[in-house]
Amino acid sequence: MKDPLFFNKLAGAALSALLIFFGLPQLAAALRGGHHEADHAEGHPFPQYPIAFATEAGSSNAEGGEQADFATLLATADVSAGEKKARLCKSCHTLEKGGANGTGPNLWGVVGRPVGGHEGFNYTSALRQAGGVWDFERLQAYLENSQAYMPGTAMVQKFPNPEHRAQIVAYLNTLSDAPLPLPTAAAPAEAAPADGAAAAEAPAEAAPAPSEGQ
């Protein structure tokens, strides 16, 4: 005899499967204490805006070699490469003059601008209380690891390659009616001569003059 509740059981089984499929991830997140970090910031008004710069190969400085002075990297930075990398910023920022604020503030004129000072943007207290201006060194430190450099900021990103940071900062400096002059690159250190070379370059001692009796 055909079960009169067959279709009801089938529907119940399907519903149970859907609940398990969609509910287990939420349950797992709750057990892990899964709140976004942004939910803990300033009474929840500031959503985080991640700009995910991936670690890129191609820089010996980022691989543990001798790190060049940032001013030197900035002086030789490829601005066009910085413009390409800065396209990632457009997911949260506008770059053109007079552009509207997005999740992050408009970045026109950011180099030399007071930190947390763009009119009309609701900054976190971390940025409002930071003081100072966005100079070259401060911008590159912020790009390297925003959360470590300025805890409490809503921006979450890491850009570990110093050459790539220099490219982005050099490009951002062009977004201005009066770009700031780049800092002077550090003069290369002169290598000390080897002992053999120093001995070869030293003048030979003069032989003693013969006495009149010889």
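**Notes on helix H5, the cavity and the cysteines**

1. Let's start with H5, which is mostly covered: seven of its nine residues are buried. Keep in mind throughout that this is a predicted model. The buried residues of H5 are Phe-136, Arg-138, Leu-139, Gln-140, Ala-141, Tyr-142 and Leu-143, so an arginine and a glutamine are on the list by the under 20% cut-off.

2. What sits over those buried H5 residues? The cover includes helix H2 (70-75), helix H4 (125-128), H6, S2 and helix H7 (162-174). Worth having these elements on screen when you look at H5.

3. Next, the empty space. The structure holds one cavity of 30 Å³ or more, and the largest cavity takes in about 240 Å³ of space. It is lined by 15 residues, and those closest to its centre are His-93, Leu-107, Val-110, Tyr-142 and Met-155.

4. Here H5 comes back: this helix (residues 136-144) gives the most to the lining of the largest cavity, with three residues. As for chemistry, the lining splits into 13 nonpolar residues, one polar and one charged.

5. Tyr-142 deserves a second look. This residue is buried in H5 and is among the lining residues closest to the centre of the largest cavity. The side chain of Tyr-142 also makes a polar contact of 2.7 Å with that of Thr-153.

6. So where is that partner, Thr-153? You'll find Thr-153 in the loop between helix H6 (146-149) and strand S2 (155-156). Loop or not, Thr-153 counts as buried because its relative accessibility is 2%, below the 20% cut-off. Setting aside neighbours within four places in sequence, Thr-153 is in contact with Thr-124, Ala-126, Leu-127, Tyr-142, Ser-146 and Gln-147.

7. Last, the cysteines. How many disulfides does a search of the whole structure find? The count is zero. Cys-89 is in no disulfide, and the nearest cysteine sulfur, that of Cys-92, is 8.5 Å away. Why is Cys-92 not bonded to Cys-89? From the side of Cys-92, the closest cysteine sulfur is the one in Cys-89, and 8.5 Å is too far for a bond; a disulfide would need the two sulfurs within 2.5 Å.

8. Are these two cysteines buried or exposed? Cys-89 has 7% relative accessibility and therefore counts as buried. Cys-92, at 9%, counts as buried too.

Notes. Residues numbered from 1 in each chain as written. Predicted model: local features only at pLDDT ≥ 70, side-chain atom pairs only at ≥ 80, totals over all residues. Heavy atoms only, no water. Buried < 20%, exposed > 50% of the residue type's maximum accessible area, 1.4 Å probe, protein only. 1 Å grid on protein atoms, 1.4 Å probe; cavity = no way out; pocket = protein on both sides within 12 Å on 5 of 7 lines; lining within 4 Å. Points joined across faces, edges and corners; volume = space filled by probe spheres on them. Helix = DSSP H or I, 4+ residues; strand = E, 2+ residues; numbered from the N terminus. Nonpolar A, V, L, I, M, F, W, Y, C, P; charged D, E, K, R; others polar. Polar contact = N/O pair within 3.5 Å; in protein donor to acceptor, adjacent residues only side chain to side chain. Contact = heavy atoms within 4.5 Å.
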